Every structure is written in C-alpha cells, then in structure tokens.
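Here is a set of short exercises to work through with the model open beside you. Try each task yourself before you read its solution.

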Amino acid sequence: MQIISPKAQLILESLGRFKYLTASQMLALGIAKHDSNLRPILAKLRDLKYCDQLSFGFMPQVGKLENFHYLTKVGAELIATATYHIDDLKEIKYPRNTGSLFANDYLHRKSTIDFYTAFYLWT
C-alpha cells in the first residue's frame, strides 16, 4: 500500500463523504488554503488511481466549468480499510458506474454539493 500525506487522506475521506467535489469545494472544506497547494496532491492521487476527475469544459455565459473529482474503487477500498476499518464499500460514496454522468445537470449538482458542504461545516 502506498503511503499518502495527511492532506491526501483528507481529500479521499471528503470524496468518500460527498461523492463528488470540485477544487473550490475542497478549499471551502479547509483541505488546503490555495488551489496551487491542492493541484499537485490531486495529480498524485490520480496517478495512484485513488481518484479521478470529470471535465465538463465550457458553458456559455458561465465560462470554464470546474472539474469534479471522485473516488475510484481502489480509493474507496483504501479509505474503507485504512480509515474506517470496514470491508463493506456500501458506506463509502463513489460512482459505481461512470457511463452516464451528469453533464446536463452540472450546475444543479454543484449547487447541491455546495449546500451539503456548507451544512457539514455548519454542523
């Protein structure tokens, strides 16, 4: 098993809690102070196949859309065993099927996750 940094572990745990997160949502959760600190960690986690990202490109009148990051099955297994000491992946949120993802409801999904992260921070 690859040793990961505490921030990388926090990213994986947050992805397991919220299923999808953008970089700005990770910053709002306090995982890192700046996007430039977050990008290398996310790149390493993608290289290790613990997480992946969805790119949605550009939307007229909105601009460039942020990438959504999510756990892979390998990342979910790592978090389940290393952090929660469970063998059942039902408790970890990760996309089981990435074939039909939410390109049409991007803004709704992002707003919903913004709400859940704000509520989590409030509690």
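**Exercise 1: A chain of charges**

Glu-66 has a relative accessible area of 26%, which makes this residue partly exposed. Keep in mind that you are looking at a predicted model.

Task: Find which residue forms a salt bridge with Glu-66, and work out which parts of the chain the pair ties together.

Step 1. Look for the partner: Lys-110 forms a salt bridge with Glu-66, and their closest N and O atoms are 3.5 Å apart. The cut-off for a salt bridge is 4 Å, so this distance qualifies.

Step 2. Place both ends. Lys-110 sits in helix H5, while Glu-66 belongs to the loop between strand E4 (63-64) and E5, so the salt bridge ties together parts that are 44 residues apart in sequence.

Step 3. Check the cover around Lys-110. Its relative accessibility is 16%, so Lys-110 counts as buried, the limit for that word being under 20%.

Step 4. Look for another partner of Lys-110. The side chain of Asp-114 meets that of Lys-110 in a salt bridge of 3.6 Å, N to O. Asp-114 and Lys-110 are 4 residues apart in helix H5, which means that about one helical turn separates them. Asp-114 is partly exposed, at a relative accessible area of 30%.

Step 5. Put the pieces together: through shared partners, the salt bridges join Glu-66, Lys-110 and Asp-114 into one network.

**Exercise 2: A salt bridge along a helix**

Task: The structure holds 3 salt bridges. Describe the one between Arg-39 and Asp-35.

Step 1. Start with the distance: the side chains of Arg-39 and Asp-35 meet at 3.3 Å, N to O.

Step 2. Next, the spacing. Both residues are in helix H3, and because they are 4 residues apart, about one helical turn lies between them.

Step 3. Finally, the surface. Asp-35 counts as partly exposed, with 32% relative accessibility.

**Exercise 3: Aromatic rings on the surface**

Task: Which residues form a nonpolar patch on the surface, and how are the rings in it arranged?

Step 1. Name the members: the patch is made of Phe-115, Tyr-116, Phe-119 and Trp-122, which together have about 550 Å² of accessible area.

Step 2. Compare each value with the limits. Tyr-116, in helix H5 (residues 106-122), is partly exposed at 47% relative accessible area. Phe-119 is partly exposed at 44%. Trp-122 has 68% and is exposed, since that word applies over 50%.

Step 3. Turn to the rings. The structure holds 9 aromatic pairs. In the pair of Phe-115 and Phe-119, the ring centres are 6.2 Å apart and the planes meet at 20 degrees, so this pair is stacked. The two residues are 4 residues apart in helix H5, about one helical turn.

Step 4. Do the same for the next pair. Phe-119 and Trp-122 are 5.7 Å apart, centre to centre, with 35 degrees between the planes, and this pair is tilted. They lie 3 residues apart in helix H5, about one turn of the helix.

**Exercise 4: Into the core**

Task: How many residues does the largest nonpolar core have, and which element gives the largest share?

Step 1. Count: this core has 34 residues. Those with the most contacts inside it are Ile-11, Leu-12, Met-26, Leu-38 and Leu-45.

Step 2. List the contributors. Elements giving two or more residues include helix H1 (6-18), helix H3 (35-47) and strand E5 (68-71). The largest share, 5 residues, comes from H1.

Step 3. Zoom in on Leu-38. Apart from its neighbours within four places in sequence, Leu-38 is in contact with Ile-11, Ala-23, Met-26, Leu-27, Ile-31 and Ala-32.

**Exercise 5: One histidine**

Task: Is His-69 buried or exposed?

Step 1. Locate His-69: this residue is in strand E5.

Step 2. Read its value. The relative accessible area of His-69 is 4%, so it is buried.

Step 3. See what surrounds it. Not counting residues up to four places away in sequence, His-69 touches several residues, among them Leu-15, Tyr-20, Met-26, Leu-42, Arg-46 and Asp-52.

Methods
Residues are numbered from 1 along each chain as its sequence is written. This is a predicted model: local features need pLDDT of at least 70, side-chain atom pairs count only at pLDDT 80 or more; totals for chains, interfaces and linings use all residues. Side-chain values use heavy atoms; hydrogens and water are left out. Patches are made of residues with over 30% relative accessible area and no salt bridge: like charges are joined within 9 Å, nonpolar side chains (Val, Leu, Ile, Met, Phe, Trp, Tyr) within 5 Å. Accessible areas come from the Shrake-Rupley method with a 1.4 Å probe; for residues, only the protein chains shown count as cover. Buried means under 20% relative accessible area, exposed over 50%, partly exposed in between (1.4 Å probe, protein chains only). Rings of Phe, Tyr and Trp (its six-membered ring) pair if their centres lie within 6.5 Å; planes under 30 degrees apart count as stacked, over 60 as edge-to-face and the rest as tilted. A nonpolar core is a set of buried Ala, Val, Leu, Ile, Met, Phe, Trp, Tyr and Cys residues joined through side-chain atoms within 4.5 Å. Contact means heavy atoms within 4.5 Å.
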